[in-house]
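Subject: The model you asked for

Hi,

Here is the structure I promised to pass on. Have a look at it first, and then read on for what turned up.

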Amino acid sequence: MIFPTVDAFQSYLWLVLVCVVLYLVWFLATTGTRYWQCVPRVPYIKGRPLVGNFLDALLMRKSVFDLMDELYVDERVRDSALFGISKLLTPTLVLRDPELIKQILIKDAAFFCNRSMSTDQHGDPIGYYNLLMIKNPPWKQLRSYLTPSLSLSKIKQMYPLLDQVSSLACVRVFVWDWGF
């Protein structure tokens with residue numbers, strides 16, 4: 001027979017469909033790791049598909065903080081001011097330079113207000129109103145309340161009070177240690 005039958009056409013169609021689905025799964029699973037290959041001049045730590053650099057944290061071998069500490073001092077990115085990692089499927093930029101961190105947290109804070117870490121307003125109201133974790137609509141209002149109270153002159157006025165409280169705390173610790 002010269003012309004293929006409908007069964008052969010359907011089997012090829014299923015094979016093409018399976019190949020397309022597998023390609024899409026691979027494409028989505030490696031998005032975070034492939035991103036840093038396309039960004040020039042940014043060193044990165046290559047991650048695994050689906051889990052990125054957080055396999056040990058997902059398997060609970062290490063805490064996220066210990067894992068980030070390991071990534072932070074990794075020899076591949078030790079001399080750079082910033083580097084890229086993959087947090088699951090999300091490419092993430094880690095900053096190391098104090099001046100760059102200061103620039104982003106103070107001067108460019110309006111562009112970096114919606115960070116990935118946040119808490120629930122009802123479950124953790126104290127953690128929710130942390131300026132580093134709150135999302136944008138309440139973030140802007142909270143920052144407008146806090147900015148005047150953290151000016152240099154206000155902090156200089158608070159220094160004697162902080163000094164007095166710290167000296168009282170040292171006296172209390174000394175008295176408590178000796179059992180008085």
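Glutamate 70 is partly exposed, with a relative accessible area of 42%. By the convention used here, buried is under 20% relative accessible area, exposed is over 50%, and partly exposed is in between (1.4 Å probe, protein chains only). The side chain of glutamate 70 meets that of lysine 62 in a salt bridge, at 2.4 Å from N to O; the term stands for a side-chain nitrogen of Lys or Arg within 4 Å of a carboxyl oxygen of Asp or Glu. Lysine 62 is also partly exposed, at 26%.

Before you go further: this is a predicted model, where local features need pLDDT of at least 70 and side-chain atom pairs count only at pLDDT 80 or more, while totals for chains, interfaces and linings use all residues. Residues are numbered from 1 along each chain as its sequence is written, and side-chain values use heavy atoms, with hydrogens and water left out.

Back to the charges. The structure holds four salt bridges. One of them joins arginine 61 and aspartate 56 through their side chains, at 3.2 Å from N to O; arginine 61 is exposed at 59% relative accessibility. Another pairs aspartate 74 with arginine 76 at 3.1 Å. The two partners sit in contrasting surroundings: aspartate 74 is buried at 15%, whereas arginine 76 is exposed at 53%. Asp56, Arg61, Lys62 and Glu70 are linked into one network by salt bridges that share partners.

Now the overall layout. The protein chain has eight helices and two strands, and from the N terminus the order is α-α-α-α-β-β-α-α-α-α. These are DSSP runs numbered from the N terminus, with helices being H or I of at least four residues and strands E of at least two. Of the 180 residues, 18% count as buried. The chain exposes about 14,400 Å², and carbon and sulfur atoms supply 68% of that; accessible areas come from the Shrake-Rupley method with a 1.4 Å probe, and for residues only the protein chains shown count as cover. Among contacts (heavy atoms within 4.5 Å) with a separation of 6 or more, 39% are between residues 24 or more positions apart.

What holds the inside? The largest nonpolar core has nine residues: Ile45, Phe54, Ala57, Leu67, Leu71, Val77, Phe83, Ile85 and Val94. The elements that give two or more residues to this core are α4 (64-72) and β1 (82-87). A second, separate core of five residues includes Ala109, Tyr128, Ile134 and Trp139. Such a core is a set of buried Ala, Val, Leu, Ile, Met, Phe, Trp, Tyr and Cys residues joined through side-chain atoms within 4.5 Å. Leaving aside residues up to four places away in sequence, valine 77 touches Pro43, Tyr44, Ile45, Leu71, Phe83 and Arg96.Threonine 92 is worth a click too. It lies in strand β2 (residues 90-95) and is buried, at 18% relative accessible area. With residues up to four places away in sequence not counted, threonine 92 touches Trp36, Phe83, Gly84, Ile85 and Lys87. The side chain of threonine 92 also reaches the backbone oxygen of threonine 90 at 3.3 Å.

On the outside, Val16, Val20, Tyr23, Leu24, Trp26, Phe27 and Leu28 form a nonpolar surface patch, with about 690 Å² of accessible area together. Patches are made of residues with over 30% relative accessible area and no salt bridge, joining like charges within 9 Å and nonpolar side chains (Val, Leu, Ile, Met, Phe, Trp, Tyr) within 5 Å. Leucine 24 lies in helix α1 (residues 6-29) and counts as partly exposed at 45%.

Last, two backbone angles. Arginine 41 has a phi near 70°, a positive value in a residue other than glycine. Arginine 41 sits in the loop between α2 (31-38) and α3 (55-58) and is exposed, at 82%. Leucine 88, in the loop between β1 and β2, has a positive phi as well, near 55°; leucine 88 is partly exposed at 37%.

Cheers

Technical notes: A polar contact is a pair of N or O atoms within 3.5 Å; within protein, one must be able to donate a hydrogen and the other to accept it, and residues adjacent in sequence count only if both atoms are side-chain atoms.
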